[in-house]
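Dear colleague,

I am passing on the structure we spoke about, and below it you will find my notes on what came out of the analysis. Please read them with the model open beside you.

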Amino acid sequence: MLLQLNQVSLSFAGNSVLDEVAFGVAAGRIQSLIGPNGAGKTSLFNVITGFYRPQRGEITFDGERLVKRKPHSVTRLGIARTFQNVRLFREMSVLENVMAGQHCRSRAGALAAVLRLPSQRAEERRIRETSLECLDFVGLADSQERLATNLAYGHQRRVEIARALATEPKLLLLDEPAAGLNGSEKEALVELIRRIRDERGIAVLLIEHDMSLVMSVSEHISVLDHGSLITEGTPQAVANDPRVIEAYLGQDDEELAL
Ligand SMILES: Nc1ncnc2c1ncn2[C@@H]1O[C@H](COP(=O)(O)OP(=O)(O)OP(=O)(O)O)[C@@H](O)[C@H]1O
């Protein structure tokens with residue numbers, strides 16, 4: 001497994017949020033993490049990426065231990081993420097937003113940046129080229145000079161994905177990437193997720209409530225309920241699992257539409 005969690009537990013003020021979660025993502029796989037509201041999905045992302053520190057358990061990624069690492073260190077190891085709500089710098093251009101994601105890969109160092117040494121200028125050129133290439137990959141090269149805040153919402157989400165790709169990840173975590181998108185934007189998102197894996201070899205783990213999207217794009221689905229992993233497997237197996245149906249009882253109809 002590229003990413004492996006073993007018996008990871010997290011609680012806040014005595015309230016259990018994740019309970020001995022054992023969970024893996026294979027290299028190059030498109031996988032979804034689903035579960036009712038409040039199941040602990042985003043918390044699991046936060047634990048993986050170093051935003052939350054679990055009380056117990058082990059997390060390894062590509063042979064390295066993740067627990068106790070800071071978020072930027074996790075990014076440098078090769079895990080990138082997008083957030084549930086769009087988090088772009090509103091007053092910066094689209095290209096600058098993507099470039100901002102790459103400081104974790106910067107090699108020249110702070111002193112070189114202050115002195116504007118040649119090594120720093122070469123670095124900037126490299127960051128700009130990588131960013132442009134990632135914008136091109138998500139279909140937004142033409143919008144590079146626009147202010148991020150002036151883009152349509154669906155395009156802002158793509159800028160976030162470009163920014164994550166620019167960190168050159170081996171694993172991309174997407175938190176509800178289809179939220180707020182219309183039908184054709186969702187189709188384009190599915191195509192983009194497939195290209196990210198097929199053309200770049202990046203494993204993708206997504207949290208998503210849109211079940212038809214989850215069923216069409218995932219090769220493997222893991223189901224979380226009340227902080228525990230209740231089942232996992234192929235889309236077909238998960239859709240027919242009574243434990244999953246039960247977990248979703250009481251949720252709104254859209255979420256039941258497995
Ligand atoms: N920083 C925090 N402090 C206290 N409680 C938290 C914190 N972060 C998450 N929780 C709690 O953990 C539980 C799981 O929340 P989480 O956001 O991980 O669920 P989720 O499955 O992502 O839900 P949704 O699908 O609604 O986004 C919730 O009860 C939430 O209140």
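I begin with helix α1, where seven of the eight residues are buried, so that this helix is largely enclosed by the rest of the structure. The buried residues are Lys-41, Ser-43, Leu-44, Phe-45, Asn-46, Val-47 and Ile-48. Please keep in mind throughout that this is a predicted model. Just beyond the helix, α1 is followed by Gly-50, which has a positive phi near 85°.

The surroundings of α1 involve strands from two sheets. On the one hand, α1 lies across β1, β2 and β4, and its direction is at about 65° to β2. On the other hand, α1 also lies across β3 (30-34), β6, β7, β8 and β9 (220-225), running at about 145° to β7.

The helix also bears on the ligand, since α1 (residues 41-48) gives the most to the shell around the ligand, contributing three residues. The full set of residues surrounding the ligand is Phe-12, Val-17, Gly-35, Asn-37, Gly-38, Ala-39, Gly-40, Lys-41, Thr-42 and Ser-43. By character, the residues of this shell divide into three nonpolar, six polar and one charged.

Turning to the sheets, there is an open sheet of four strands in the order β2-β1-β4-β5, and its pairing is antiparallel. Here β2 (15-25) and β5 stand at the edges with a single partner strand each, so one side of each is left without a neighbour in the sheet. Within this sheet, strand β1 (residues 3-12) pairs with strand β4 (residues 56-61) in the antiparallel sense over five bridges, and Leu-5 stands opposite Ile-59 in β4. The pairing of β4 with strand β5 (residues 64-65) is likewise described as antiparallel and extends over two bridges, with Arg-65 in β5 as the bridge partner of Thr-60. The hairpin formed by β4 and β5 has two residues between the strands, and in it Asp-62 takes a positive phi near 50°.

The other sheet to look at is an open one of six strands, with the order β6-β7-β8-β3-β9-β10 and mixed pairing. Its edge strands are β6 and β10 (228-233), each of which pairs on one side only. Neighbouring strands of this sheet are turned by 20° against each other on average, with direction ignored. As an example of the pairing inside it, strand β7 (residues 171-175) and strand β8 (residues 203-207) run parallel and are joined by five bridges, and the bridge partner of Asp-175 in β8 is Ile-207. Helix α7 (residues 183-200) packs on this sheet, where it touches β3, β7 and β8, and its direction makes about 150° with that of β8.

One residue that I would ask you to look at separately is Gly-78, which is found in the loop between α2 (71-77) and β6 (79-82). Is Gly-78 buried or exposed? Gly-78 has 19 C-beta neighbours inside 10 Å, whereas a residue needs 20 or more to be called buried and 12 or fewer to be called exposed, and Gly-78 therefore counts as partly exposed. Leaving aside residues up to four places away in sequence, Gly-78 touches Asp-62, Pro-169, Lys-170 and Leu-171; of these, Asp-62 is the residue with the positive phi in the hairpin of β4 and β5. The C-alpha atoms of Gly-78 and Ile-202 are separated by 9.8 Å, although these two residues are 124 residues apart along the chain.

Finally, some figures for the chain as a whole. The chain has 11 helices and 10 strands, and of its 258 residues 36% count as buried. A compact globule of 258 residues would have a radius of gyration near 18 Å, and the chain, with 19 Å, agrees with that expectation. Taken along the principal axes, the C-alpha atoms fill a box of roughly 60 × 40 × 35 Å. Among contacts between residues at least 6 apart in sequence, 67% join residues at least 24 apart.

With best regards

Methods. Residues are numbered from 1 along each chain as its sequence is written. This is a predicted model: local features need pLDDT of at least 70, side-chain atom pairs count only at pLDDT 80 or more; totals for chains, interfaces and linings use all residues. A residue is near a molecule or strand if its C-beta atom, placed from the backbone, lies within 6 Å of it. Ala, Val, Leu, Ile, Met, Phe, Trp, Tyr, Cys and Pro count as nonpolar, Asp, Glu, Lys and Arg as charged, and the others, Gly among them, as polar. Two strands pair if DSSP finds at least two bridges between them. Two residues are in contact if their C-beta atoms, placed from the backbone, lie within 7 Å. Axes are lines fitted to C-alpha atoms, for helices over the stretch in contact, and angles run from 0 to 180 degrees between N-to-C directions. The radius of gyration is taken over C-alpha atoms; the globule rule is 2.2 Å times the number of residues to the power 0.38.
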